[in-house]
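The following exercises ask the reader to work through selected features of one protein model. Each task is followed by a solution in steps.

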Amino acid sequence: DGCGHTVLGPESGTLASINYPRTSPNSTVCEWEIRVKPGQRVQLKFGDFDIDDSDSCHSSYLRVHNGIGPNRTEIGKYCGFGFQMDGLITSKSNEVTVQFMSGIHTFGRGFLAAYSTTDKSDLITCLDNASHFSEPEFNKYCPAGCVIPFADISGTIPHGYRDSSSLCMAGVHAGVVSNTLGGQINVVISKGIPYYEGSLANNVTSKVGPLSTSLFTFKTSGCYGTLGMESGVIPDSHITSSSTLEWPNQTGQVNIWKPENARLKRIGPPWAAFISDEHQWLQIDLNKEKKITGIITTGSTLAEHYYYVSAYRILYSDDAQKWTVYREPGMGKDKIFQGNTELYQEVRNNFIPPIIARFFRINPLKWHQKIAMKVELLGCQFSIGRAPKITLPAPPQNKNDEKNADFVDGFIHSVKTSLQTDKTTFTPEIKNTTVTPSVTKDVALAAVLVPVLVMVFTTLILILVCAWHWRNRKKKTEGTYDLPYWDRAGWWKGMKQFFPTKSSEHEETPVRYSSSEISHLRPREVPTMLQTESAEYAQPLVGGIVGTLHQRSTFKPEEGKEASYADLDPYNSPIQEVYHAYAEPLPVTGPEYATPIIMDMSSHPSTPLGAPSISTFKAAGNQAPPLVGTCNKLLSRTDSASSAQALYDIPKGQPGPGSADQLVYQVPQSVAHPTVSKDE
């Protein structure tokens, strides 16, 4: 009378003391006999151990034995409050006896333990949750029997489960492992969410949960897509039933709840049987063999008709003639699936192992008021070419061979329920339950090529956009009437005059050239030299050799040499244009605007020319001013040239220093002077 929760599977199981996790009653005893396949050994792991040790394990204890029966040998005797069992207890054979004895005590929860064969090195118990492991992804083996009433889970697929949930119990809820068989789970830890939904699946109720720091999901084979009831891929003609409910409403119109109405999430009435008994069924033809991994059901979904199916069996067939009832491996009876508890909630049940069949039939066993339901099937395509070839023994010839016939039937069922599709090296998360995955080489190749092509085309588009933008900027920088920059002669040297000076020393030391140096320059070299160094302000438009200028000075003659007409005049060259040697310095008391260039025309005879020069000069009185050409000597005013009588332009409205007859006007500097030879 001391046995608590117990599930003994063929390869694993779970056992606990009575009333666990509450205090076990006094004077109770329980003994478990565990057997696995011959040639294998048993390993035992404790999830919790809390047994009174006040009498040194005399009346309250847990004892483990090798073997079963009177020939068994003791492995160990254990007791203690909060006793921590390090490692696993391993047997020497395929049989183990576990004995629990409870004496007179006040405290002590008892124990909970799990067992499996020794090849399951990563065995955990039903009490382990995700917070016990620090790895972001890990594999563990869950024993059978982890649907326990004293453990809680929160969450569901595809969103995930709260980190406080039991790993193995959540695995059963998600359909990853079977409660009667146990199995391997692949757990992935990720960031938590603020709210966890509750649902009913595989006879496990998940509760609503609050915010947590992390959650976990499971990786599976990925065969959890819908097979076409909701989407309409399965035609109405492929959905049939044993009977159909027909009844007139208040207006006398006949309502027919046909089998094609049994589509999950379809608005309207469901399928309902005319007679409510255990012989009714709803049949679905999948058109070809499919791998069926689960089913989702609801009730009528009509508030005025509170109908639903609370329990059912599953049958399947290849020809719709001979039907097989679904059973879990190793179980000698049909599996009864838990259905709905109300008319709206979706309830999921998974088939472990999956069903391979074309025809699928639901046989209701329990219902509320009437048999009415909507369904959807989960699974994926099945590649029959990968199925192993089945070789059956000869049919029985006499009564002695009836055992062989039973073996054949069992073998066929085992093969049918264990065939699987192609395995892949990557198992997607169970979150992807809305689409049937199909992992092939083409998909893998496309997954690589598509991102590469997108990156290549994106790069090309960016290059074209940048080139177009650069070209537009070049066009905008060119003047409306200017030549393109590639057609301008010496465009780079011309741009250099706008650049700032290289150093302050250069600004303080202007560059000067003598008249003899100028005579050796070719006409095209003079403007080039003008552009060799930049100035603080724009260069004067008259010809000349100029460097960087001092403040309040434009040009300066050479040191220690006075300008005179004896110098070699560059203006006498018949092949050169007119360039002024240097400009007048600015007077200290001069006007604020630029000082004009003054010419003294009194000492030069006016030689008649064949063609008059274009000029804006105006002489005193009405006399025509003498023609100014390249033959006239230009006289610059310096401090030593006192004989040269030159006047500055006088601003309008101000008195000048001399008479009107002495005034001359500035030659516009932009007017080019023709080049002629000097008459001798």
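**Exercise 1. Helix α1**

Determine how many residues of helix α1 are buried, and examine the residue just after the helix.

*Solution.* The model is a predicted one. Helix α1 spans residues 167–174 and is mostly covered. A residue counts as buried when its relative accessible area is under 20%. By this criterion, eight of the eight residues of α1 are buried. They are Leu-167, Cys-168, Met-169, Ala-170, Gly-171, Val-172, His-173 and Ala-174. Gly-175 follows directly after α1 and has a positive phi of about 85°.

**Exercise 2. An open sheet of four strands**

Establish the strand order of the open sheet that contains β3, β8, β5 and β6, and identify the strands at its edges.

*Solution.* Begin with the order, which is β3-β8-β5-β6, with antiparallel pairing. The edges are occupied by β3 (28–35) and β6 (73–78); each has a single partner strand, so one side of each lacks a neighbour in the sheet. On average, neighbouring strands of this sheet are turned by 15° against each other, direction ignored. Next, consider one pair within the sheet: β5 (residues 61–66) is joined to β6 by five bridges in the antiparallel sense. Within this part of the sheet, Val-64 is located opposite Gly-76 of β6.

**Exercise 3. The surroundings of strand β26**

Is strand β26 largely enclosed or open, and which strands are joined to it by bridges?

*Solution.* Consider burial before pairing. Of the 22 residues of β26, 17 are buried, so the strand is largely enclosed by the rest of the structure. The pairings can then be listed:

- Strand β14 (residues 199–201) runs parallel to β26 and is joined to it by two bridges; Ala-201 is opposite Arg-348 of β26.
- Strand β22 runs antiparallel to β26, with eleven bridges between them; Thr-297 has Val-347 of β26 as its bridge partner.
- Strand β23 (residues 308–317) is likewise antiparallel to β26, through nine bridges; Ala-311 faces Lys-366 of β26.

The backbone of β26 itself contains a further feature. Pro-353 lies in this strand, which covers residues 347–368, and the peptide bond between Ile-352 and Pro-353 is cis, with omega about 0°.

**Exercise 4. Backbone geometry elsewhere**

Locate the cis peptide bond that precedes Pro-158, and place the positive phi values of Asn-19 and Asn-287 in their structural context.

*Solution.* The bond from Ile-157 to Pro-158 is cis, with omega near 5°. Pro-158 belongs to the loop between β11 (155–156) and β12 (160–162).

Asn-19 has a positive phi of about 70°, although this residue is not a glycine. Asn-19 is part of the loop between β2 (12–17) and β3. Its relative accessibility is 35%, so Asn-19 counts as partly exposed.

Asn-287, also a residue other than glycine, has a positive phi near 75°. Asn-287 is situated in strand β22 (residues 282–298), which is joined to β26 by eleven bridges.

**Exercise 5. A nonpolar surface patch**

Which residues make up the nonpolar surface patch, and how accessible is Leu-449?

*Solution.* The patch covers about 740 Å² and consists of Val-448, Leu-449, Val-452, Leu-453, Val-456, Phe-457, Leu-460 and Ile-463. Leu-449 lies in helix α3 (residues 441–477). To classify Leu-449, note its relative accessible area of 42%. Buried means under 20% and exposed means over 50%, with partly exposed in between; Leu-449 is therefore partly exposed.

Definitions and conventions: Residues numbered from 1 in each chain as written. Predicted model: local features only at pLDDT ≥ 70, side-chain atom pairs only at ≥ 80, totals over all residues. Heavy atoms only, no water. Pairing = 2+ DSSP bridges. Axes fitted to C-alpha atoms, helices over the stretch in contact; angles between N-to-C directions. Buried < 20%, exposed > 50% of the residue type's maximum accessible area, 1.4 Å probe, protein only. Patch = residues over 30% accessible without salt bridge, like charges linked within 9 Å, V, L, I, M, F, W, Y side chains within 5 Å. Areas by Shrake-Rupley, 256 points an atom, 1.4 Å probe, with all protein chains shown as cover. Salt bridge = Lys/Arg side-chain N within 4 Å of Asp/Glu carboxyl O.
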